[in-house]
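Okay, thanks for coming, everyone. Let me put the structure up and walk you through it.

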Amino acid sequence: MSELPPDPPRLRAILAYLDRQIAENNTVGRYLRLQHDAVRKALNRAERPASPPRRPSRPVKGGGSLPAFPPAQVRAGYVVQRKRTPNGLEPALVHLADCSMIEGTPHPIRTDEARAALTDPAIEPCVFCRPDTELGMDLA
């Protein structure tokens, strides 16, 4: 579940459905609780009044506003990194996409895939960028 609707009525309906599913399915309860928490956070954000945009604390050299970066330069999401060694594969690492500690060729993954991957004991979160904290899992 990577994109949630922005309006409170649909978020409440999703939350009620997830509550029923958690009660009925013990085997997938942990995953459903993670989804439940994500929907609750989205609902809180949707119901919160919009705050005015933040302004820079000091003037930008040359005046004007901050430059906008093209979408190609804005990185969001998660990546998984596998490391091969002479003794075989090490545990895979999940990183935030903009982490500076990524080595080798990372593979982009969706938010729900990152959340599911971090429940696998053979996959660890990066201790530098902490994707588990970003996902609200806090595995440390």
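So, starting from the N terminus, the order of elements in the protein chain is α-α-β-β-β-β-β-α-β-α. That gives 4 helices and 6 strands, where helices (H or I, at least four residues) and strands (E, at least two) are DSSP runs numbered from the N terminus.

Quick housekeeping: this is a predicted model, where local features need pLDDT of at least 70 and side-chain atom pairs count only at pLDDT 80 or more, while totals for chains, interfaces and linings use all residues. Residues are numbered from 1 along each chain as its sequence is written, and side-chain values use heavy atoms, with hydrogens and water left out.

How much of the protein chain is buried? Of its 140 residues, 28% are, buried being under 20% relative accessible area with a 1.4 Å probe, protein chains only.

Now the inside. The largest nonpolar core, meaning buried Ala, Val, Leu, Ile, Met, Phe, Trp, Tyr and Cys residues joined through side-chain atoms within 4.5 Å, has 16 residues. Tyr78, Val94, Ile109, Ala114 and Leu135 touch the most other members. At least two residues each come from β1 (78–81), β4 (92–96) and α3 (111–117), and β4 gives the largest share, 3 residues.

Have a look at valine 94. Setting aside neighbours within four places in sequence, its contacts (heavy atoms within 4.5 Å) include Val79, Ile109, Ala114, Leu118 and Pro131.

Apart from that core there's another one, with 8 residues, including Leu11, Leu18, Val39 and Ala42.

Terms used
Buried means under 20% relative accessible area, exposed over 50%, partly exposed in between (1.4 Å probe, protein chains only).
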